[in-house]
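Colleague: Please take a close look at one helix, chosen by you, and then set it beside other places along the chain. A first-year student should be able to follow each term.

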Amino acid sequence: MRLKRSDAVTSDPVESPPEKLRIPRKLPILPLRDLVVYPFIIVPLSISRDMSINAVDRALSGRRMVLLLSQKDAAVDDPAPADLYPVGTVAVIMRLLKLPDDRVRVLVQGVARAEVTAFNEGLPYLSAQIRRAGEPSGRRGGLEQQALIRSVKKSLETASDLGKSISSEVMVIANNLEDPGRLADLAASNLDLEVKDAQDILQIMDPVERLTRVNTFLSRELQLLTMQQEINSVAREEMDRSQREFFLRQQMKAIQVELGEGNELAEEVVEIREKARKADLPEPVQKELENQIRKLERMHPEGGETAMVRSYLDWLVEIPWTRTTEDNLDLGEALRILDEDHFSLEPIKERILEYLAVRKLNPGTRGPILCFVGPPGVGKTSLGRSIARAMGRRFVRLSLGGVRDEAEIRGHRRTYIGAMPGRIAQALHQAGTCNPVLLLDEIDKIGADHRGDPSAALLEVLDPEQNQAFRDHYLSLPLDLSRVMFLATANLIEPVPPAFRDRLEVIWLSGYTVGEKQEIATRHLVPRQMQENGLTPRKIAFSDAALRKIINGYTREAGLRGLEREVGAVCRKVARRVAEGQKGCMRVGEAAVEKLLGLPKISSTQAPRKDRVGVAVGLAWTAAGGEILDVEASAMPGRGNLILTGQLGDVMKESGRAAQTYARSRSADLGLEDSDFSRRDVHIHVPEGAIPKDGPSAGITMAVALISALTGRPVRHDIAMSGEITLRGDVLAVGGIKEKVLAAKRAGLRRVMLPVSTRRQLEELPEEAREGVEFIFVTSVEEVLEVALRAPGRGRRASAGGGTIGRQMRAARRARAAPGS
């Protein structure tokens with residue numbers, strides 16, 4: 001029971017004009033599947049459902065008219081009124097033919113649009129009360145309408161030229177139509193539209209709007225036809241080219257046979273066997289090599305698969321399966337090389353020498369995988385290069401930043417065109433030995449998507465229990481990675497997945513002090529830049545004051561890249577003067593730096609110069625080193641709200657709320673009333689609002705600023721502080737101590753307040769970082785307030801009690817604990 005639409009769709013008026021035909025208010029319904037019929041369109045239909053045949057019989061006994069309604073879902077075999085669209089086309093049955101299989105074929109022509117007002121029930125067919133839908137009257141014949149009509153006609157012609165199946169009769173009728181509504185219906189009936197789109201066009205009563213919608217679908221159809229023609233043209237050209245190449249190859253083959261040539265494949269096989277003999281391949285690799293060579297010998301030299309086999313054989317003989325270099329285990333020589341390449345970094349050098357000592361005593365040991373973590377420019381990658389030089393091994397750097405495809409690590413399967421081994425196998429090929437120092441750079445920037453997780457693939461690479469038989473998808477053979485010394489670098493350890501991190505021994509590289517930077521510049525950066533810019537010590541000389549000026553005034557970083565760029569800029573300007581004929585040696589002093597580089601680019605952040613209420617100085621860690629952080633708090637009449645601004649992260653906002661909760665829980669000890677919290681708002685702001693800030697280390701700073709604003713006690717301006725707080729008032733440890741201490745010194749602060757649990761970290765700082773700084777260690781917020789807040793001045797709060805706030809809090813607690821209180 002289906003209705004089918006023939007390929008031919010024509011438009012030809014019936015004997016009486018459709019607009020003058022009388023349409024009954026009640027008509028039988030003919031449901032249509034996958035088809036929408038428009039007025040004035042002639043369509044053949046094949047009918048097999050009983051209810052549809054009954055509807056046709058009823059129409060033939062009357063005025064031969066039926067209402068054609070499209071089904072919302074073509075899969076429904078026995079549609080109910082809810083399964084039909086409410087707007088359809090009244091059609092006249094022009095011809096009828098009964099077939100032997102009880103099917104009926106009819107030829108119908110659309111007459112007019114009609115809308116169902118009610119369905120009739122209790123009949124062996126669908127029937128409905130209808131209302132004829134007339135087109136709205138409006139302005140006709142405007143320039144826009146004429147342009148639209150011409151555009152649709154032109155598009156129909158173009159579609160026909162591009163291969164669209166549109167009969168010549170339809171094109172003649174379309175060219176003679178000037179009515180926008182009829183042209184829209186004719187064009188829509190010849191487009192391959194979805195039922196929903198075709199129904200939308202049928203339901204648009206305004207002819208110009210309907211023609212505009214049809215023009216949009218026509219434009220899309222033209223794009224598809226143009227693309228299809230381009231694809232067919234490319235395919236045809238490719239086929240012609242392939243046939244021509246095949247013919248030429250056959251001619252070439254015949255010529256080579258006549259000349260006695262054409263043995264390149266056999267010569268290539270001999271060359272591969274010779275390479276394999278010299279490479280001393282393991283037995284499984286040798287066996288696979290012979291299988292592939294026999295396969296290659298049976299192939300056509302110009303076959304597509306031949307190139308893939310040749311490439312695979314090249315990789316098999318060029319991978320260093322057993323080739324190694326001898327380790328240099330002279331600890332004294334290794335220390336000399338490390339000292340020559342890097343200044344300071346004593347703990348790291350000691351750890352490397354320990355590794356070499358163990359290798360010397362037990363050559364078969366599986367050492368740890370060292371991971372250097374620190375800010376950019378502190379020498380992580382160059383440290384790996386120095387380790388390779390100290391051990392006498394080849395060095396290969398594998399950059400993993402932005403890698404998202406697991407096949408980058410494990411390789412592609414040979415079934416793909418352009419398949420290659422993974423980057424681990426390629427690194428061994430690049431090194432030429434199976435025991436290089438392989439540096440996995442930027443492991444914290446490895447991505448993951450639908451193609452897999454590269455960090456998960458690296459788990460097998462870095463696991464000493466598994467990597468002696470690592471399988472690359474391209475090679476499909478066990479590759480021994482147990483002799484490779486793996487190193488890794490990262491700027492941050494947090495993004496590294498836990499399972500990956502568990503295989504690493506993390507070594508932290510913090511930023512350099514000013515003195516360390518000056519010494520590194522003198523030993524390494526200045527000589528390198530002089531050589532790169534063609535200068536000699538007779539042409540330029542840097543003073544220590546000049547280097548300190550560049551470090552403090554033109555760079556702000558934990559590493560050395562910016563410093564080397566500025567030194568290079570000075571060398572280039574001096575090189576220009578030398579090239580212009582200047583004689584003698586250019587001595588670069590503190591004054592010359594500003595002349596050569598301009599005004600200082602970095603303005604050092606200075607601490608407040610006087611005590612102020614509600615302003616405390618905190619310490620923050622950044623990827624470029626440490627910074628001081630002013631935290632401002634202000635109390636004002638309100639409803640007890642806490643306002644946090646300055647582009648703070650979630651953790652920092654939680655620190656502000658914890659500080660407020662602590663202050664409210666200790667309000668009696670602080671000499672505050674409940675109304676000080678319920679009737680006052682507190683606004684905490686961290687300046688430089690364009691810079692995102694986050695972390696728990698500003699907890700005690702926010703607490704001091706908030707309590708200072710509420711009590712009116714000024715905060716000491718000469719103290720910088722860092723520490724996390726709890727609701728009970730405990731002060732917890734934080735990180736980045738070295739960078740924070742250097743930031744305090746740079747800002748002129750000589751007193752630094754830290755959690756007592758960081759005392760051991762300070763012992764590891766160089767003497768230069770600790771010199772001239774008084775460290776105050778605290779365990780609770782009460783101790784912080786004891787040191788940071790001064791006695792209140794004159795004013796409303798002066799009567800709250802003089803002396804330190806710590807003494808006041810202790811006195812309040814004793815008063816509450818006294819009998820009878």
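Modeller: Helices (H or I, at least four residues) and strands (E, at least two) are DSSP runs, numbered from the N terminus. The model is predicted, so local features need pLDDT of at least 70 and side-chain atom pairs count only at pLDDT 80 or more, while totals for chains, interfaces and linings use all residues. Residues are numbered from 1 along each chain as its sequence is written, and side-chain values use heavy atoms, with hydrogens and water left out.

The helix chosen is H24, residues 737-746. Buried means under 20% relative accessible area, exposed means over 50%, and partly exposed lies in between, with a 1.4 Å probe and protein chains only. Eight of the ten residues of H24 are buried, so the helix is largely enclosed by the rest of the structure. The buried set consists of Ile-737, Lys-738, Glu-739, Lys-740, Val-741, Leu-742, Ala-743 and Ala-744. Just after H24, Gly-748 takes a positive phi of about 85°.

That angle leads to two further places. Most residues other than glycine have a negative phi. Leu-345, which is not glycine, nevertheless has a positive phi near 55°. Leu-345 belongs to the loop between helix H10 (331-341) and helix H11 (346-361), and its relative accessible area of 12% makes it buried. Glu-442, also a residue other than glycine, has a positive phi near 60°. It is found in the loop between strand E10 (437-441) and helix H15 (454-462); at 22% relative accessibility, Glu-442 counts as partly exposed.

Burial can also be followed in another helix. Gln-518 lies in helix H17 (residues 514-532) and is buried, at 13% relative accessibility. A contact means heavy atoms within 4.5 Å. Not counting residues up to four places away in sequence, Gln-518 touches Asp-544, Leu-547, Arg-548 and Ile-551. A polar contact is a pair of N or O atoms within 3.5 Å; within protein, one must be able to donate a hydrogen and the other to accept it, and residues adjacent in sequence count only if both atoms are side-chain atoms. The side chains of Gln-518 and Asp-544 form such a contact at 3.4 Å.

Arg-503 sits in the loop between helix H16 (498-501) and strand E14 (505-508). It is partly exposed, with a relative accessible area of 26%. Leaving aside residues up to four places away in sequence, Arg-503 touches Ile-369, Leu-459, Leu-462, Asp-463 and Gln-466. A polar atom of the Arg-503 side chain lies 3.2 Å from the backbone oxygen of Leu-459.

Glu-305, in helix H9 (residues 304-318), is partly exposed at 42% relative accessibility. Its C-alpha atom is 9.6 Å from that of Ile-417, although the two residues are 112 apart in sequence.

The whole chain supplies the setting. It holds 28 helices and 27 strands, and 47% of its 821 residues are buried. Among contacts between residues at least 6 apart in sequence, 75% join residues at least 24 apart. The radius of gyration is taken over C-alpha atoms, and the globule rule is 2.2 Å times the number of residues to the power 0.38. A compact globule of 821 residues would have a radius near 28 Å, but the chain has 43 Å. Along the principal axes, its C-alpha atoms fill a box of roughly 110 × 105 × 65 Å.
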